[in-house]
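Opening the notebook on this one. I'll jot down what I look up as I go, helices and odd backbone spots included.

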Amino acid sequence: MKLQEKEVLLFDLDGTLVDSAPDLALAVNRTLKDLNKATFDQDTIHHWVGNGAKVLIERALSGSAIIDKELDETLTKDALTIFLAHYQQCLCIESVLYDDVQEGLLSLKAAGFRLAIITNKPAIFIQPILTGLGIDNLFELLIGGDTLAEKKPHPAPLHYAMKQLNVVTEQCVMIGDSKNDILAAKAANIDSVGLTYGYNYGEDINQYGPQWCFDTFNELLISLKR
């Protein structure tokens, strides 16, 4: 099946549509400062993004992508609360859309594609970011990392999206920058697009076997053009 024959485009958010790493790093470092912990440069934090807020904070407290098994649960819970409060205040300070995203989404919507967001970011942040960056009112469905009990790479958010949109797997494609997007799509038996410019922990997304892979958002748009 050709990519342009798909009807429903399920988009990841961070690293796919939005370069949110600067603001996430800002909120992480403000949290660490509040806890009298060492802070980290933006590039380091960039590699910790993609598994939701709790994992991001656990990595920050561990100072590594590999979470310290001895982390204090109370500290983690307190740090997460502090982080969420800080991030709420800096959602769109330095975050930007990747090149061609705004115009591209508008053209896809106009071409008849149905658009949805499936992200591991807490749901409370999705709409404010979309509004702040001028791409609100384009998506039929917004699914966050806490919308369901499970998040990507579990297939549950994708199954939920299909149910809510009343579509089947063949009509959909999952588009993301992370192995979590590709693994979730495979588990849900949905085709996927891997984008190489995002936050895939320094790994080549090709190794996870998406059906299509592109280096820029514009390349995706060309392949979707009807």
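Which residues of helix α8 are buried? Note to self before I answer: this is a predicted model.

**Entry: α8 and its ends**

I went through α8, which covers residues 179-187, and got Asn180, Asp181, Ile182, Ala184 and Ala185 as the buried ones. Next I checked what those buried residues pack against, and found α7 (156-165), β6 (172-176) and β7 (191-195).

Then I looked at the N-terminal end of α8, where Ser178 acts as the cap. A side-chain oxygen of Ser178 sits 3.0 Å from the backbone nitrogen of Asn180. Just past α8 I noted Asn189, with a positive phi of about 60°.

**Entry: Asn180**

Asn180 came up twice, so I gave this α8 residue its own look. Is Asn180 buried or exposed? Its relative accessible area is 4%, and the cut-off for buried is under 20%, so Asn180 is buried.

I also listed what Asn180 touches, leaving out residues up to four places away in sequence. The list is Gly50, Asn51, Asn120, Lys152, Pro153 and Tyr201.

**Entry: the cis peptide**

Two names on that list, Lys152 and Pro153, are joined by a cis peptide bond. I read omega there as about 15°. I placed Pro153 in the loop between β5 (141-143) and α7. I flagged the bond because most peptide bonds are trans.

**Entry: positive phi**

Most residues other than glycine have a negative phi, so I write down exceptions. Asn137 is one of them, with a positive phi of about 65°. I found Asn137 in the loop between α6 (126-132) and β5. Its relative accessible area is 71%, so Asn137 goes down as exposed, the cut-off being over 50%.

Asn166 is another non-glycine with a positive phi, about 55°. I located Asn166 in the loop between α7 and β6. Asn166 is exposed too, at 70% relative accessibility.

**Entry: α3 on α4**

How far apart are the axes of α3 and α4, and at what angle do the helices pack? I got 9 Å and about 115° for α3 (residues 53-62) and α4 (residues 73-89). The pair therefore counts as roughly perpendicular. The crossing of α3 past α4 is right-handed.

On the α3 side I listed Ala53, Lys54, Leu56, Ile57, Glu58 and Leu61 in the contact. On the α4 side I have Leu75, Thr76, Ala79, Leu80, Phe83 and Leu84. Sorted by class, the contact of α3 with α4 has nine nonpolar, one polar and two charged residues.

**Entry: α1 on α3**

Last lookup: α1 (residues 21-34) against α3. The angle is about 55°, with the axes 11 Å apart. That makes α1 oblique to α3. I noted a right-handed crossing for α1 past α3.

Which residues make the contact between α1 and α3? From α1 I wrote down Leu24, Val28, Thr31 and Leu32, and from α3 Leu56, Ile57, Ala60 and Leu61. By class I get seven nonpolar, one polar and no charged residues in the contact of α1 with α3. Comparing lists, I see Leu56, Ile57 and Leu61 of α3 in the contact with α1 and also in the contact with α4.

Notes
Residues numbered from 1 in each chain as written. Predicted model: local features only at pLDDT ≥ 70, side-chain atom pairs only at ≥ 80, totals over all residues. Heavy atoms only, no water. Buried < 20%, exposed > 50% of the residue type's maximum accessible area, 1.4 Å probe, protein only. Helix = DSSP H or I, 4+ residues; strand = E, 2+ residues; numbered from the N terminus. Contact = heavy atoms within 4.5 Å. Polar contact = N/O pair within 3.5 Å; in protein donor to acceptor, adjacent residues only side chain to side chain. Axes fitted to C-alpha atoms, helices over the stretch in contact; angles between N-to-C directions. Parallel < 35°, antiparallel > 145°, perpendicular 65-115°, else oblique. Left-handed = near helix turned anticlockwise from the far one by under 90°. Nonpolar A, V, L, I, M, F, W, Y, C, P; charged D, E, K, R; others polar.
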